[in-house]
Amino acid sequence: MHIANMMTAEQRAALGSVVGNSAALEQLIDLCLVLFLGLTTQDLVVLVGERTLGPKIELVREIGTKKFRSARKQSHFKAIMDRIASLNGERNAAVHGTWQPVGGFTFLYLAFEFGNNPTSPVEAIKTRRGKEQKILGARLQRLSEEISEAEDALREFVNKNWIRPRAIQSNRAKQRRQR
């Protein structure tokens, strides 16, 4: 079934936004791996290969939690990564799930709505390892926004607690060498 026959234009645009914001988040996750492990981008390709976003999130969560020394920073970092992992589960359902009218296809839906300016609520269903996950079409715009907000939170945290301290430390060492 063609998705345009079930979803409104706004829902299709929101789904595209989910994909775009997820791609930006994945780039940040890759950058975190490069920073935390001191890798080159070529090393990163060897390390993660064709891994999907989910395993990369888990890897960043495990490595990052160990990199931050204070319990407060570890807890904050883990909370951000847990939120990202949860949102990624919803993203997986939205992007890789099967879209259908809520409750499934009925003869009434097929006869009167399918392809005719859809008005029935839709959902995506994805089953993995026997666990079913659903996401409503009405949730897509907010999901996109939440992915973007989570990316901002991770970027801000890493900038404040990883990049800036190392930049300051590097600058101080450079100034000492110049004396």
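Me: Is Arg 129 buried or exposed in this predicted model?
Reply: Start with where Arg 129 sits: the loop between β2 and β3. Its relative accessibility comes to 76%, and the cut-off for exposed is over 50%. So Arg 129 counts as exposed.

Me: And what is the phi of Arg 129?
Reply: Arg 129 is not a glycine, yet its phi is positive. The value is about 55°.

Me: Which pocket residues lie nearest the centre of the largest pocket?
Reply: That pocket holds about 530 Å³ of space, and 18 residues line it. Arg 129, from the loop between β2 and β3, is one of those nearest the centre. The full set nearest the centre is Gly 89, Asn 92, Arg 128, Arg 129 and Gln 133.

Me: Which element gives the largest share of the lining of the largest pocket?
Reply: Four elements each supply at least two residues of that lining: α3, α4, β2 (122-128) and β3 (131-136). The largest share is eight residues, and the element behind it is α4.

Me: How many charged residues does the lining of the largest pocket have?
Reply: Split the lining by class and you get four nonpolar and eight polar residues. The charged ones come to six.

Me: What about the second largest pocket, which element gives the most to its lining?
Reply: This one has about 170 Å³ of space. Its lining is Lys 67, Phe 68, Arg 69, Ser 70, Lys 73, Asn 161, Trp 162, Pro 165 and Arg 166. By class that is three nonpolar, two polar and four charged. With four residues, the top contributor is α6.

Me: Trp 162 lines that pocket, so what lies over its face?
Reply: Look for a residue at 3.4 Å from the ring centre of Trp 162. That residue also lines the second largest pocket. It's Arg 166.

Me: Is Trp 162 buried or exposed?
Reply: Being on a pocket lining doesn't settle the matter, so go to the number. The relative accessible area of Trp 162 is 7%, and the limit for buried is under 20%. Trp 162 is therefore buried.

Me: Which aromatic residue pairs with Trp 162 at 5.9 Å centre to centre?
Reply: The planes of the two rings are 80° apart, which makes the pair edge-to-face. Trp 162 is in helix α6 (residues 140-178), while its partner is in the loop between α3 and α4, 94 residues away in sequence. At 2% relative accessibility the partner counts as buried. The partner is Phe 68.

Me: How is the pair of Phe 36 and Phe 68 arranged?
Reply: The centres are 5.8 Å apart and the planes make an angle of 90°. Planes over 60 degrees apart fall in one particular class. The pair is edge-to-face.

Me: How many residues apart in sequence are the parts that this pair of Phe 36 and Phe 68 ties together?
Reply: Phe 36 lies in helix α1 (residues 9-37). Phe 68 is in the loop between α3 (53-67) and α4 (71-96), so the pair links two separate parts of the chain. Both residues are buried. The gap is 32 residues.

Me: Which residues form one aromatic cluster with Phe 36, Phe 68 and Trp 162?
Reply: A search of the whole structure turns up seven aromatic pairs. Phe 36, Phe 68 and Trp 162 belong to one cluster, along with two other residues. Those are Phe 77 and Phe 157.

Me: Which element gives the largest share of the largest nonpolar core?
Reply: The core has 39 residues, and Phe 36, Trp 99, Leu 140 and Leu 154 have the most contacts inside it. The elements giving two or more residues are α1, α2 (41-48), α3, α4, β2 and α6. One of them gives 10 residues, the largest share: α1.

Me: How far apart are the C-alpha atoms of Ile 84 and Glu 58?
Reply: Ile 84 lies in helix α4 and is buried, with a relative accessible area of 1%. Along the chain, Ile 84 and Glu 58 are 26 residues apart. Their C-alpha atoms are separated by 9.8 Å.

Me: To finish, what pattern does the protein chain follow?
Reply: The chain has 179 residues, of which 36% count as buried. Its secondary structure comes to six helices and three strands. Read along the sequence, the pattern is α-α-α-α-β-α-β-β-α.

Definitions and conventions
Residues numbered from 1 in each chain as written. Predicted model: local features only at pLDDT ≥ 70, side-chain atom pairs only at ≥ 80, totals over all residues. Heavy atoms only, no water. Phe/Tyr/Trp six-rings, centres within 6.5 Å; stacked < 30°, edge-to-face > 60°. Buried < 20%, exposed > 50% of the residue type's maximum accessible area, 1.4 Å probe, protein only. Lys NZ or Arg CZ within 6 Å of the ring centre and 35° of its normal. 1 Å grid on protein atoms, 1.4 Å probe; cavity = no way out; pocket = protein on both sides within 12 Å on 5 of 7 lines; lining within 4 Å. Points joined across faces, edges and corners; volume = space filled by probe spheres on them. Nonpolar A, V, L, I, M, F, W, Y, C, P; charged D, E, K, R; others polar. Core = buried A, V, L, I, M, F, W, Y, C linked by side-chain atoms within 4.5 Å.
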